Structure formats: C-alpha cells, structure tokens
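I opened this notebook to record, step by step, what I looked up in one structure. Each entry takes up one topic.

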Amino acid sequence: MIPTRPFSYVLAVTLLLGSTISSIGQWQRTLVQGDGQVTHDAPVPHPLAWWTHNPLELDESGDLLIGPTAGGGHTLTARDYQVQQKVTTLGTIADHRIVQVLTTIHAGPRVATFGGPGVDGPPAQWKSLLVGVGANRYVEIYTLQSNWGLFQIGSAGIYGSGPDSIMGTDDPDTGNGGGCSDAYWWFDKTGAYPVDFTKLEDAIRRAIPKEGTYTPRCWALHPAEAYLESWVQRLDAKCHACGGLGTVHARYRIQSGVAIPVSVRFKAEIEQ
C-alpha cells in the first residue's frame, strides 16, 4: 500500500531543478513512492521538530497513512504501528546543515491479528534528507518511501570537501535488474542543484563501442572515490547476463557541480 499525507507534508525525493521559493533560495522536491510514481513540488521550510514528529500522527483524523483497512474490513489506525526514528547530522555544505531522518514503521500485534499491511516481511522505511535554510528552518529535499522492503535503505553521504563537495544517496531496489533510487546534489548559498554528469557520460560513450551500453548510476557509480565502473553490454542483448563487450573504468572530479572526466578506459572482454 502507498502512504498518503496531507499536502503540507508530502514526502519527496529531490532532483532539484531550481525552483525559487521566496528568500530561501532555489529548491525543488520530488515525491517517489513505493510503486515508482514520481511527483514534484516546492518544499516548505519547517523547524526540525516538525520533521521529526511521529509521521503517523500528522494526520489529525487518525486514519492510517500506510493502508486504511485490514482483512475482514477491520479499520487500522496509526496506533496499530510503532515508529522508530534515527536523526543524524551528515555535515555542512555551503553553510547549509544537512540532516538525515530514517523512519522505520513496524506492524503491531493488532495488525498481525487482522492481516493488515506490513504483517509479513520487513518493516516500512522512509528516508528524508533535510537542508537548513535559516535559524532552525529546514526544507526537505529528498525522501524515499520503502514500504515493506521495496528498497534497501542506507545512509546518504557527503563526498569531497570545500566548495566542490556534494551530497549523494543511493538505495538499491530489491529486484534483479540492478535498479536503485539515487540522487546527487551540489550546493551554493542560494540552494541545491543536481550534479551534472553530462560531460562524464559523453566521454564514456565515446570510449565504449557504438553498439554497447552501460550503467551510469546505481551500483556502477562510487562517489566516495569519484569513480565509475560498469559492465558494457550490447544494445541488442537478450538477457541481463549476455552480450557482454567489456568493462568501462572512469574517474572524474567535481567542479561547480559538474562531473569532469579525468580518465576513461574501456577494456574489451577476451573471447573464450
């Protein structure tokens, strides 16, 4: 089931396309739900305590936000779930404090009795990344909703140092296609912007065979080492593990939010 919230508290995964909001700078947030549905909106600043309040209590109606009914038509409420939160300061970029909130939602005994959402499998987990925009005021620039194990949630991180440091988050999905929910940001005083990987991607395309394709993000990208390594596969490959052409290795550096290629090397597979 997909969690729903009041409009004032829509959770979001941010691609940060640069929407100006009054005096707090350029921000945009994108809601990515458990079924892959993506929406965008403009984030609204709130005190940190607002963001760390029990998310299942924010709806004054008391209706359950992660699935309204259980087996036999029994109505479940927020009181039937237990919420744990871990709040971590990841660091500061361009004078913006970055705070991560990991929320874990466990099904309680009554949910098990009536067979409600979350009774089987892992708990629901939500990741929220907040950016300070003033005295105890934060905007939410990223939230991933992993309802009952759809994503393997880990911590975001800050990579590099000084004005060219970036923040990144990468959470693999539980399918077999190597997918993920990831995003990378560069900051200045006015806001946050998506890291531009265009120059790196262009350099890689020039290095690999024209009939090949590669994975530009997810498991292939290693922001802590500013390094990308991906298997290169034929465009017309018939399966995930066939049609291999070789491996591409690329190093880059971040300059004003742009990934500048430093070295790109394609190593062809040796035919057996």
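Entry 1, the pocket. Before listing any residues I wrote down what lining means here: a residue lines a pocket if it has an atom within 4 Å of one of the grid points that make up that pocket. I also noted at the outset that the model is predicted. Which residues line the largest pocket? I found N176, G177, G178, T213, Y214, T215, W219, W231, Q233 and H240. The space in this largest pocket came to about 250 Å³. When I sorted its lining by class, I counted seven polar residues and three nonpolar ones, with no charged residue in the lining.

Entry 2, the whole chain. I then stepped back and noted three helices and 15 strands in the protein chain. The chain has 272 residues, of which 46% count as buried. I also looked at contacts between residues at least 6 apart in sequence, and 50% of these join residues at least 24 apart.

Entry 3, the largest nonpolar core. I kept a general point in mind here, that nonpolar side chains in soluble globular proteins tend to be buried together. The largest nonpolar core has 21 residues, and I recorded I204 and L228 as those touching the most other members. Two or more residues of this core come from each of β9 (180-188), α3 (198-207), β13 (227-234) and β14 (244-255). Which element gives the largest share? I found that β14 does, with five residues.

I followed L228 further, leaving out residues up to four places away in sequence, and its contacts were I204, Y214, T215, P216, A220, L221, V248, H249 and A250. Two of these names, Y214 and T215, were already in my notes as part of the lining of the largest pocket. Apart from the largest core lies another one, of 18 residues, including I93, I98, M167 and W185.

Entry 4, strand β9 and its partners. Is β9 mostly covered or mostly open? I noted that it is mostly covered, as eight of its nine residues are buried. On one pairing, β9 meets strand β8 (residues 166-172) in the antiparallel sense over seven bridges, and within it G168 has Y184 of β9 as its bridge partner. Strand β10 (residues 191-194) also pairs with β9 in the antiparallel sense, over four bridges, and here the bridge partner of W185 is P194 in β10. I closed the entry with the link between these two strands, a hairpin that joins β9 to β10 through two residues.

Note on methods:
Residues are numbered from 1 along each chain as its sequence is written. This is a predicted model: local features need pLDDT of at least 70, side-chain atom pairs count only at pLDDT 80 or more; totals for chains, interfaces and linings use all residues. Side-chain values use heavy atoms; hydrogens and water are left out. On a 1 Å grid over the protein atoms alone, a cavity is a set of points where a 1.4 Å probe fits but cannot get out, and a pocket is an open set with protein on both sides within 12 Å along at least five of seven lines; lining residues have an atom within 4 Å of a point. Grid points are joined across faces, edges and corners, and a volume is the space filled by probe spheres set on the points. Ala, Val, Leu, Ile, Met, Phe, Trp, Tyr, Cys and Pro count as nonpolar, Asp, Glu, Lys and Arg as charged, and the others, Gly among them, as polar. A nonpolar core is a set of buried Ala, Val, Leu, Ile, Met, Phe, Trp, Tyr and Cys residues joined through side-chain atoms within 4.5 Å. Buried means under 20% relative accessible area, exposed over 50%, partly exposed in between (1.4 Å probe, protein chains only). Contact means heavy atoms within 4.5 Å. Two strands pair if DSSP finds at least two bridges between them.
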